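Open the structure in your viewer and keep the sequence panel beside it. This tour goes stop by stop, with something to select at each one.

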Amino acid sequence: MIYTNTLSLRHPRGTAEQCSSSGIHTVCDTVTLRNSSVFNTDSCLRRNDTRLFLKYILPFLLLFLWVSPAMASGDEIDLPQEHWSFDGAFGTYDKAALQRGLKVYQNVCAACHSLKRVHYRNLSDLGYNEEQIKTIAREYTVPDLPNDEGEVLDRSARPSDPFVSPYPNDQAAKYANNGAFPPDLSLITKARAGGADYIYALMTGYHDAPEGTELLAGQYWNQYISGHVIAMPSPLSEGLVSYEDGSPETIDQYSKDVAHFLTWAAEPEMEHRKRMGIKVVLYLIVFAGVMYAVKKKIWANVRKP
Ligand code: HEC
């Protein structure tokens, strides 16, 4: 049945207010009204949607908001939030910071930590050309394949080699560090909550132990490690690594640069991933527009009964 507003019309259940109660919108749907202020299909549906949202979805959202910070807190230590050039959907790595970070890693951290998943050729991401990469790799030696006499000699590393580890195996690494194992740093920013913020905080978090805290030999107090006791001595000090680009040679700057570099090491494809994500979102927006236009066109001549 189609009503038009040339007929004097009364809704069977009364006013538009009531038609929003559950089930009744089907009555509204069967009525086609033009310019009627009494009730119309759209407002009925909108009201029902709002009811549904308030009744079912809002409580879930509130519960989620209440529970998630509670879960995140627990025993966690608050990390200082640094500003990184790679933050956000459009963030990118800062090549100068990456190069400085590589220098800090090579001169300091590489004495104890391996970086097995990064190959010298990957350093092209940092802006080095082939020759520069060959020169960097040549500074290290790796065991060659056995020669005709069965001897294993050393050769200098090539761009295709992974970063050379400081110790031949894990046991040697532990033995040299009082039994504590210095973890491989290739994925460390992914393996620790806070990522780059954590590395920065850890590097700058060494202080004297508070009164009453007993530390054994080879243990150090750090504000940001869980339990506050770490077997790594503070690795950085002012002026330890020389920078050619005039950046400050401070613990703070070294820590930021090495955290930047380790983030790249763990996620070298980040920039590509973000670029792809933006393209996909743009594509979906355009596609949704096209689909909407198609839907309008297909249904243009169809009236509700
Ligand atoms: C003298 C050797 C040594 C040097 C140099 C060194 N570390 Fe360590 N590092 C260790 C040891 C040993 C551990 C394991 C500590 C533990 O388990 O308590 C460790 C642990 C770590 C951890 C893991 C902490 C955690 O949450 O478990 C990170 C991250 C780290 N080092 C980063 C660095 C960085 C970055 C540098 C260079 C700036 C560096 N280290 C230099 C010996 C070293």
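Which residues of α8 are buried? Select Tyr254, Ser255, Lys256, Asp257, Val258, Ala259, His260, Phe261, Leu262, Thr263, Trp264 and Ala265 to see them. Keep in mind that this is a predicted model.

**The whole chain**

Zoom out. The protein chain holds nine helices and four strands. Follow the sequence and the order reads α-α-α-α-β-β-α-α-α-β-β-α-α. The chain has 305 residues, and 19% of them are buried. Now think about contacts between residues at least 6 apart in sequence: 58% of these join residues at least 24 apart.

**Helix α8**

Go back to α8 and select 251-266. This helix has 16 residues. From first C-alpha to last, α8 reaches 22 Å, close to the 22 Å expected at 1.5 Å a residue. The helix is mostly covered, with 12 of its 16 residues buried. What do the buried residues of α8 pack against? Colour α3, α6 and α7, and you have the partners.

**Helix α7 against α8**

Add α7, residues 196-204. Two packed helices are described by the angle between their axes and the distance between the axes. For α7 and α8, the axes come within 8 Å and cross at roughly 150°. The crossing is right-handed. By class, this contact has eight nonpolar, four polar and two charged residues.

Show side chains on both helices. On the α7 side, pick Ala196, Ile199, Tyr200, Met203 and Thr204. On the α8 side, pick Ile251, Asp252, Ser255, Lys256, Val258, Ala259, His260, Leu262 and Thr263. Several of these also belong to the buried set of α8, among them Ser255, Val258 and Leu262.

**Helix α3**

Next, select residues 95-107, which form α3. This helix has 13 residues and reaches 18 Å from its first C-alpha to its last. That is close to the 18 Å expected at 1.5 Å a residue. Buried here are Ala97, Leu98, Arg100, Gly101, Leu102, Val104 and Tyr105. Part of their cover comes from α8.

**Around the ligand**

Which residues are closest to the ligand? Select Cys109, Cys112, Ala231, Met232 and Pro235. In total, 22 residues surround the ligand. They divide into 19 nonpolar, two polar and one charged.

**Pro182, between α5 and α6**

Move to Pro182, in the loop between α5 and α6. Pro182 touches Cys112, His113, Ala173, Asn177 and Met232, leaving aside residues up to four places away in sequence. Two of these, Cys112 and Met232, are also among the residues closest to the ligand. Draw a distance from Pro182 to Ser114: they are 68 residues apart along the chain, yet their C-alpha atoms are separated by 8.2 Å. Is Pro182 buried or partly exposed? It counts as partly exposed, because it has 19 C-beta neighbours inside 10 Å and a buried residue needs 20 or more.

**Asn178, in the same loop**

Asn178 also lies between α5 and α6. Check its backbone: phi is positive, about 55°, although Asn178 is not a glycine. Asn178 counts as exposed, because it has 11 C-beta neighbours inside 10 Å.

**Val164, between β2 and α5**

Select Val164, in the loop between β2 and α5. Ser114 appears again here: 50 residues away in sequence, it sits 7.1 Å from Val164, C-alpha to C-alpha. Beyond residues up to four places away in sequence, Val164 touches Tyr140, Val142 and Ala157. Val164 is partly exposed, with 16 other C-beta atoms within 10 Å.

**Either side of β4**

Select His228, in the loop between β3 and β4. Phi of His228 is near 65°, a positive value in a residue other than glycine. With 18 C-beta neighbours inside 10 Å, His228 counts as partly exposed.

Where is Ser234 found? Look in the loop between β4 and α8. Ser234 touches Tyr206 and Tyr220, not counting residues up to four places away in sequence. The C-alpha atoms of Ser234 and Met203 are separated by 7.0 Å, with their positions 31 residues apart along the chain. Met203 brings you back to α7, where it takes part in the meeting with α8.

Note on methods. Residues are numbered from 1 along each chain as its sequence is written. This is a predicted model: local features need pLDDT of at least 70, side-chain atom pairs count only at pLDDT 80 or more; totals for chains, interfaces and linings use all residues. Helices (H or I, at least four residues) and strands (E, at least two) are DSSP runs, numbered from the N terminus. Two residues are in contact if their C-beta atoms, placed from the backbone, lie within 7 Å. The expected span of a helix is 1.5 Å times one less than its number of residues. A residue is near a molecule or strand if its C-beta atom, placed from the backbone, lies within 6 Å of it. Ala, Val, Leu, Ile, Met, Phe, Trp, Tyr, Cys and Pro count as nonpolar, Asp, Glu, Lys and Arg as charged, and the others, Gly among them, as polar. Axes are lines fitted to C-alpha atoms, for helices over the stretch in contact, and angles run from 0 to 180 degrees between N-to-C directions. A crossing is left-handed if the near helix is turned anticlockwise from the far one by less than a right angle, and right-handed if clockwise.
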